[in-house]
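The exercises below go with the sequence and structure shown here. Please try each task on the structure before reading its solution.

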Amino acid sequence: MDDTPMPLILDLVEWVAEKPRPYDEVMEAWRTSCPRLTVWEEAVDRGFVVRRHVAGAGAIVEATHNGRETLAAHGRV
């Protein structure tokens, strides 16, 4: 079991679910130097968000189907 609080992971997924975000914006907003608080890594590992390349836009981050289902299951949609 990880130490990252689920509410923080859901906050990230909810923010990205509003609209795809540039990868740099996501890293600026969600990076941390605390090795016990890995919100970004947990969201990716759990399959809630994905980074992909879009021609003309560069790397973007968006919520996955699994991420949106998890938001709904937690009353976040």
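## Exercise 1: A charge and a ring

In this predicted model, the charged end of R51 sits over the ring of Y23, at 4.5 Å from the centre of that ring. Find which aromatic ring pairs with Y23, and work out how the two rings are arranged.

Solution. Start with the ring centres: those of Y23 and W40 are 5.9 Å apart. Next take the planes, which stand at 70° to each other; since an angle over 60 degrees counts as edge-to-face, the pair of Y23 and W40 is edge-to-face. Finally, place the two residues in the chain: Y23 belongs to helix α2 and W40 to helix α3, and with their positions 17 residues apart in sequence the pair links distant parts of the chain.

## Exercise 2: The other aromatic pair

The count of aromatic pairs comes to two. Describe the pair formed by W15 and W30, and say which helices the pair ties together.

Solution. The rings of W15 and W30 lie 6.5 Å apart from centre to centre, with 50° between their planes, and the pair is tilted. W15 lies in helix α1 whereas W30 lies in helix α2, so the pair ties together parts that are 15 residues apart in sequence. As a last step, consider whether W30 is buried or exposed: its relative accessibility is 18%, and because buried means under 20%, W30 counts as buried.

## Exercise 3: The nonpolar core

Determine which residues have the most contacts inside the largest nonpolar core, and which elements contribute to this core.

Solution. The largest nonpolar core has 17 residues, and those with the most contacts inside it are L12, V13, V26, W40 and V49. Two or more residues are given to this core by each of α1 (6–18), α2 (23–30), α3 (39–45) and β3 (58–63), and the largest share, six residues, comes from α1. Now follow W40, which counts as buried at 13% relative accessibility. When its neighbours within four places in sequence are left aside, W40 is in contact with L12, Y23, V26, M27, V49 and V61. Across the whole protein of 77 residues, 35% count as buried.

## Exercise 4: The sheet

Work out the order of the strands in the sheet, and explain why β1 and β2 each have one side without a neighbour.

Solution. First place the strands in the protein, which has four helices and three strands and follows the pattern α-β-α-α-β-β-α along the sequence. The three strands form an open sheet in the order β1-β3-β2, with antiparallel pairing. The strands β1 (21–22) and β2 (49–54) stand at the edges and have a single partner strand each, so one side of each is left without a neighbour in the sheet.

Then go through the pairings in turn. β1 and β3 pair over two bridges in the antiparallel sense, and R21 has V61 in β3 as its bridge partner. β2 and β3, which also run antiparallel, are joined by six bridges, and V54 stands opposite G58 in β3. These two strands, β2 and β3, form a hairpin with three residues between them, and in the turn G56 has a positive phi of about 85°.

To finish, set a helix against the sheet: α1 lies across β1, β2 and β3, and runs at about 115° to β3.

Technical notes
Residues are numbered from 1 along each chain as its sequence is written. This is a predicted model: local features need pLDDT of at least 70, side-chain atom pairs count only at pLDDT 80 or more; totals for chains, interfaces and linings use all residues. Side-chain values use heavy atoms; hydrogens and water are left out. A nonpolar core is a set of buried Ala, Val, Leu, Ile, Met, Phe, Trp, Tyr and Cys residues joined through side-chain atoms within 4.5 Å. Buried means under 20% relative accessible area, exposed over 50%, partly exposed in between (1.4 Å probe, protein chains only). Contact means heavy atoms within 4.5 Å. Rings of Phe, Tyr and Trp (its six-membered ring) pair if their centres lie within 6.5 Å; planes under 30 degrees apart count as stacked, over 60 as edge-to-face and the rest as tilted. A charge sits over a ring if NZ of Lys or CZ of Arg is within 6 Å of the ring centre and within 35 degrees of the ring normal. Two strands pair if DSSP finds at least two bridges between them. Axes are lines fitted to C-alpha atoms, for helices over the stretch in contact, and angles run from 0 to 180 degrees between N-to-C directions.
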